[in-house]
Amino acid sequence: MNPALSKFMLARTPKSILDPAPTMNTAIPLNTGATIPALGLGTWQSAPGEVKAAVIHAIEAGYRHIDCAFCYQNEDEVGEALADVIERGIVKREDLFITSKLWCTFHTRVEEGLQKSLDLLKTPYVDLYLMHWPVPMNPNGNHPLFPKHPDGSRDIDHSTTHVQTWKNLESLIKSSPSKVKAIGVANYSVKYLEKLLAQATIVPAVNQIENHPLLPQQEVVDLCKAKGIHITAYSPLGSTGSPLFKDEKVNEVAKKHSVGPGVVLLSYHLARSSSVLAKSVTPSRIDENRKLISLDADDMSSLEAISKDGVTRFVYPPFGVNCGFPDKTEGLDLSG
Ligand SMILES: NC(=O)C1=CN([C@@H]2O[C@H](COP(=O)(O)OP(=O)(O)OC[C@H]3O[C@@H](n4cnc5c(N)ncnc54)[C@H](OP(=O)(O)O)[C@@H]3O)[C@@H](O)[C@H]2O)C=CC1
Ligand SMILES: O=C[C@H](O)[C@@H](O)[C@@H](O)[C@H](O)C(=O)O
C-alpha cells in the first residue's frame, strides 16, 4: 500500500482496544499469580442429558475454562465429561480452569460444600471457588438448596453473615490449598464488597457478575479494578431468551466485523479486561462463541449507548434481599 495512503487510513481507523487480538484462551492474570482463560463455558440450565456432550464438545473445540456450581445440579455430568476428555488424552487436568460455587445453604459448611463439588466433578481440586451469592440460607430448612418458609419466601439464615462466610472460605483455602487454588465471590455490589473488604485478609480473586451492554455495572467494575479483583461476566448474551441478539447497535457492530451478534456480546468483555462465560448446549453455537474479536473504541461507544435509557438485569433470584445493586433496592439489607 502507498505509505501516504496507509498513514491516512491509520489516522481514520479507530485503534483497536486490544492489541494483539484476544483469543478464547488469552490468559488473564489473577491476584493469586495464576491466570484465567478469557472464555469459559457456562453450565447453568444445561440440562442433564445435554451438559456432558456440551462440555466434551467445548473441550474438544479448545475451551479450557468451565464454569460450574453445586446448585446447577449437573456437576455429576460435567464431571463425567471431564473424566472422559482427560482419560482420552484430549487435555490434562492442569490445562483446564474449573470454577465451582458454594451454594447459599452451605455458607456455614464450606468444607462440605467444596467436597461435594469435587466429588461430583471427579476432580481433586477447583481452580476457583466462589461464594455464589452473599446470602446465607438455612442449612436445615425444608429443602437442601432452596428452603422456604410456609408463605413461600426464601428461608434466610440470619445467624451468620456473608462476611463470616468469606472468613470461612479464607480458612478453607489455607487448610486445603491442594483442593482450592483461588477463592472469590459472585453477585457482589459495591456496598457488599466494601463490607467484605473491610474485614478480609484475602482479597477475592474474582467477582463474577451479570454483565452485558444492558447492565454494564460500571461502579462495581471500577471498584474491582481498583482493588485488583478480576471481573468475570455472566449472562453476557442476556441469558435465556435474550433481547440482545436483536439489538440494533449490537447487530451494526456485528455486521461491521462480519460476525454474529453473540461474538460481539462476548468480545465486549475482553475489551473491558474481563473474562466471560457463554452457556450453550448447541455444538454450532459453542463453536461460534469461540471466535472472539478485538472491538475498537467506536464499537465500544456504540455498545455503551445501549444502556443509556436504563439497565436490564436478567438474573435476580427471589431471595427477598437487597443485594446493594443500584437498580434493585427492595428487600432486606444483609450487607452487615
Ligand atoms: N454466578 C451466578 O450467579 C451466575 C453465573 N452464571 C454463569 O454464566 C453462564 C452464562 O450465563 P447464562 O445465564 O447461562 O446465559 P448466556 O448469556 O450465556 O446465554 C445462554 C443462552 O444463549 C443461547 N446461546 C448461546 N450462544 C448463542 C449464540 N451464539 N447464538 C444464539 N444463542 C446463543 C443459549 O442457548 P443454547 O444453550 O440452547 O444453545 C442459551 O439460551 C451460566 O451458564 C453460568 O455458568 C449465570 C448466571 C448467574
Ligand atoms: O448461577 C446462576 C444463578 O445465580 C442461579 O444459581 C440462581 O438464580 C438460582 O437459580 C436461584 O434461584 O437462586
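In this predicted model, Gln45 sits in the loop between strand E3 (39–42) and helix H2 (51–60). The phi angle of Gln45 is near 65°. That value is positive, in a residue other than glycine. Gln45 is partly exposed: 13 other C-beta atoms lie within 10 Å. The cut-off for an exposed residue is 12 or fewer, and a buried one needs 20 or more.

A second glutamine, Gln73, also has a positive phi, of about 55°. Gln73 is not a glycine either. The loop that holds Gln73 runs between strand E4 (65–67) and helix H3 (75–87). Gln73 counts as partly exposed, because it has 13 C-beta neighbours inside 10 Å.

These loops belong to a chain with 11 helices and 12 strands. The radius of gyration is 20 Å, close to the 20 Å that the globule rule gives for 336 residues, so the chain is as compact as a globular protein of that length. Along the principal axes, the C-alpha atoms fill a box of roughly 70 × 50 × 35 Å. Of the 336 residues, 44% are buried. Contacts reach far along the sequence. Among those between residues at least 6 apart, 73% join residues at least 24 apart.

The interior was examined next. The largest nonpolar core contains 89 residues. Leu39, Val55, Val78, Tyr129, Leu130 and Leu292 have the most contacts inside this core. Helix H9 (residues 261–271) gives the most to the core, with seven residues. Val55 shows how such contacts are made up. Leaving aside residues up to four places away in sequence, Val55 touches Leu41, Ile66, Val78 and Ala81. One of these partners, Val78, is itself among the core residues with the most contacts.

The ligand site completes the description. Ligand 1 is surrounded by 29 residues. The closest are Gly42, Tyr234, Leu237, Gly262 and Lys279. By class, the shell divides into 10 nonpolar, 15 polar and four charged residues. Strand E10 (275–279) and helix H10 (283–288) each supply at least two residues of this shell. Strand E10 gives the most, with three residues. Lys279, one of the closest residues to ligand 1, falls within the range of strand E10 (275–279). Gly42, also among the closest, falls within strand E3 (39–42), which precedes the loop of Gln45.

Technical notes. Residues are numbered from 1 along each chain as its sequence is written. Chains are lettered from A and ligands numbered from 1 in the order in which they are written. This is a predicted model: local features need pLDDT of at least 70, side-chain atom pairs count only at pLDDT 80 or more; totals for chains, interfaces and linings use all residues. Helices (H or I, at least four residues) and strands (E, at least two) are DSSP runs, numbered from the N terminus. The radius of gyration is taken over C-alpha atoms; the globule rule is 2.2 Å times the number of residues to the power 0.38. Two residues are in contact if their C-beta atoms, placed from the backbone, lie within 7 Å. A residue is near a molecule or strand if its C-beta atom, placed from the backbone, lies within 6 Å of it. Ala, Val, Leu, Ile, Met, Phe, Trp, Tyr, Cys and Pro count as nonpolar, Asp, Glu, Lys and Arg as charged, and the others, Gly among them, as polar. A nonpolar core is a set of buried Ala, Val, Leu, Ile, Met, Phe, Trp, Tyr and Cys residues joined through C-beta atoms within 7 Å.
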